[in-house]
Amino acid sequence: MPSLLYHGSSRPLGVRRLSAAIAAGAMAIAAMLFAPLPAAADTPWLNVSEDGYASFSIPAAYIQANAGQVSQVVIEGNFGPSFAWAEFGLTRRGDAWSGVLGPLRPGLYSYQVTGDDTKGLKDPTNSTSVASKSLWSTFFVPGDSVRLLADAPQGQGGKVETLTYGPKHEERSALVWTPPGYAPKGPKSYPVLYLQSGEGGSATDWLDLGRAKQIFDNLSAQKAMEPMVVVMSHGDGPDEDKEARDLRNAVGDRYRVLRDPAHQAIAGVAEGGAQALRAALTRPDQFDYAGSFSGLLADGIGRADTNAINHHVKLVRLYTGNVTDPAYNVTYRLTKALDRARVTYEFDGVNPDAGGNWNAWQENLIDFVPRLFRTVPDHGPSAGHGSLEGEFTPPPAGTTPTPFVTRDGFVTFETTTDFKDAQRVKVWANWAPNGSWLRVPMSRAGDRWRVTVGPLEPWFYYYKLIADLTSVKDVSNPTKVTSEPTWSSFLIPGERSRLLSDVPAGQGGKVESMTYQSTVANAERTALVWTPPGYDPDRAEPYPVLYLQHGSGQSYTDWVEMGRAKQILDHQTLDGDLVPMVVVMGNGNTSDFNKELLENIVPAARARFHISSDPSRQALAGLSMGGGQTFGVLKAYPGRFAYVAAFSAGFGSGTGVDAAAINAGTKLLRLYVGDQTDFVNSSFMASLPTLNNLGIHYEFDGVTPGPHGWDVWQKNLIDLAPRLFKR
């Protein structure tokens, strides 16, 4: 079986932006709501488990009928680090394209299906829609951290309706949320918040992607916000005089709102945030509250009347995501300009976990709204948010180490000029939850392509570039993976990745090549052998030995190049956790592994290294295909190896198995498997009853979070190695 199953990849389809006004958006909504769903759309393409795993299964026949013949199918969505837009590659299995991603952090996710980069499809089995992005659907992963984004109990929330305004030949639309208990007539008037979307979006984005109604409903139920009317409009509205007058007059004529500046607030996202700031700073007598969510006020504040702003405007609050947010540097420059002008403002701090996207802006809205039209004691940043210490400036083009890694885990990739004519370039890497694989689109930077991704947790990462559907090596990165020529790797240092890092020079063991004659392959072959620090070929007692096998599509180099076996074994030896041993990593690509191991690899290792032939001092382990081979040896030669382990492999049939011999000759049989993103998880679980029924003694480490990949197998080796030769 293949060691990695998600190699399929595709170029991201450019996000379709509909810049039309809300009226056009409403027509799009109606079209999607009332159009009949295509045939063969009865079974949901997406199922989300209670613990946040998203399982996709798309009928191949539907793809063929609606997109034609394709070689690759991906799910595009905000699945990447910092909720960045990324691609999750599906695998063709039988009559469906499928894959499992997760566990996803709680929050709102949007996605579309794309074949071969350009053939986008809306999921017809998902009734959700995004008016400004006709191919998108959404799903919600609940959790305590996003409880304010969940639907309020039925009947307890406010209402949203459409407001049309302006001359008939220029008629526009806005969406208006009124609080619970609001009535068209009565003595009470309400303050009003104007919310603007960004360029290329629409007012409906606040509902479809921002979860604004849920936020207002829940904050109202908790009495965490003042009762107010909220007007959501397209981003080119209230900051321009005529649009502002038309909209504000229409709101005043239709709703019971207060019209004085003390009861007026304005905020927006991206360019809408810049417009909101300009409105408050250039007309400080109209808005007492202003919020900029990833605002792009790149032209500074102009000739601000500082005295007027500080006198009239009660709150100017700035928000930005981390360095992946296009507003990060802009916000830093803006804070310096406001400081120079002595304009009073508040800064929410840098959101470490999100970039310039709706997941961040939802949090911004939750922080901003409770500050309006009331006195609040806290004017500092949100919990966990950091300071703006300076602009984020990767090295100039052509000088970037590949990749360029910051101390806080942000990674910048840059191509050479070889791809200047490419249409789409992306980076494929194991940075999805628990080591699954996602592709993040890169952006043009002159004759090169660049992208910054993060923050990544300390760990070992591997990646490749994909240019117009073709996998290519990052030639600027000297690391290599022999069995995967287009892959490169890098390490994010930290305590979590300590065992995967190099030990100080001269303190670790040695890895040597061992050639041997294979009577199975009828050729000379090679194995890699790790010997521990201080290895003494002349000591009285031979060393115990672990024979460690790779998976299908791999070879003897993979445990060193990808599994970080040397680093793991070095650290565990220096930490005093490991019995000094020799580890032999042979070539398992053979038609008869039992013969290859016992007649070729083992004799060659004994001839070259001072290792034991005592079964109680020998161990055998392998991953995937190598795990299956390990089970094959255990069944055919019970007791030959006293320590046995299999990573992501099932035991298979129990026919002809001598359980008593296995139990008598095996001191440790330890099993490992990844979670439901590991495609052998179900077959592995199904094999446990076979072991139980046979009465074979074994240990199951429990599910290792992660897929059928190196993140899981590295953790398995870290757990296994200290257990060997201690019983």
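Here is a short chat about a few spots in this predicted model.

Me: What makes Ile63 count as buried or exposed?
Reply: Ile63 has a relative accessible area of 3%. The cut-off for buried is under 20%, so Ile63 is buried. For orientation, Ile63 lies in helix α2, residues 60–67.

Me: Which residues is Ile63 in contact with, leaving aside its neighbours within four places in sequence?
Reply: Those residues are Ile58, Gly68, Val70, Val73, Trp97, Val113 and Leu121. A contact here means heavy atoms within 4.5 Å. His312 is another matter: the C-alpha atoms of Ile63 and His312 are separated by 58 Å, and the two residues are 249 apart along the chain.

Me: Why is α12 called roughly perpendicular to α13?
Reply: Good one to check by eye! The axes of α12 (residues 593–608) and α13 (residues 625–636) cross at roughly 75°. Angles of 65 to 115 degrees count as roughly perpendicular, so α12 and α13 get that description. Their axes come within 9 Å.

Me: Which residues make the contact of α12 and α13?
Reply: From α12 come Phe593, Asn594 and Leu597, and from α13 come Gln629, Gly632, Val633 and Ala636. By type, the residues of this contact divide into 4 nonpolar, 3 polar and no charged. Gly counts as polar in this scheme, so Gly632 goes with the polar ones.

Me: How do you know that helix α11 is mostly covered?
Reply: In α11, residues 565–574, 8 of its 10 residues are buried. The buried ones are Ala565, Gln567, Ile568, Leu569, Asp570, His571, Gln572 and Thr573. Each of them therefore falls under 20% relative accessible area.

Me: What covers the buried residues of α11?
Reply: The cover includes two strands, β28 (523–531) and β30 (582–585), along with the helices α10 (558–561) and α16 (710–720). If you follow the chain just past α11, you meet Gly576, which takes a positive phi of about 80°.

Me: What lines the second largest pocket, and which residues are closest to its centre?
Reply: This pocket holds about 700 Å³ of space. It is lined by 30 residues, and Ser145, Val146, Gln362, Glu363 and Ile366 are the closest to its centre. The elements giving two or more residues to the lining are β7 (107–115) and α9 (358–368). The largest share, 6 residues, comes from α9.

Me: How many residues of that lining are nonpolar, polar and charged?
Reply: The lining of the second largest pocket divides into 13 nonpolar, 10 polar and 7 charged residues.

Key:
Residues are numbered from 1 along each chain as its sequence is written. This is a predicted model: local features need pLDDT of at least 70, side-chain atom pairs count only at pLDDT 80 or more; totals for chains, interfaces and linings use all residues. Side-chain values use heavy atoms; hydrogens and water are left out. On a 1 Å grid over the protein atoms alone, a cavity is a set of points where a 1.4 Å probe fits but cannot get out, and a pocket is an open set with protein on both sides within 12 Å along at least five of seven lines; lining residues have an atom within 4 Å of a point. Grid points are joined across faces, edges and corners, and a volume is the space filled by probe spheres set on the points. Helices (H or I, at least four residues) and strands (E, at least two) are DSSP runs, numbered from the N terminus. Axes are lines fitted to C-alpha atoms, for helices over the stretch in contact, and angles run from 0 to 180 degrees between N-to-C directions. Angles under 35 degrees count as roughly parallel, over 145 as roughly antiparallel, 65 to 115 as roughly perpendicular and the rest as oblique. Buried means under 20% relative accessible area, exposed over 50%, partly exposed in between (1.4 Å probe, protein chains only).
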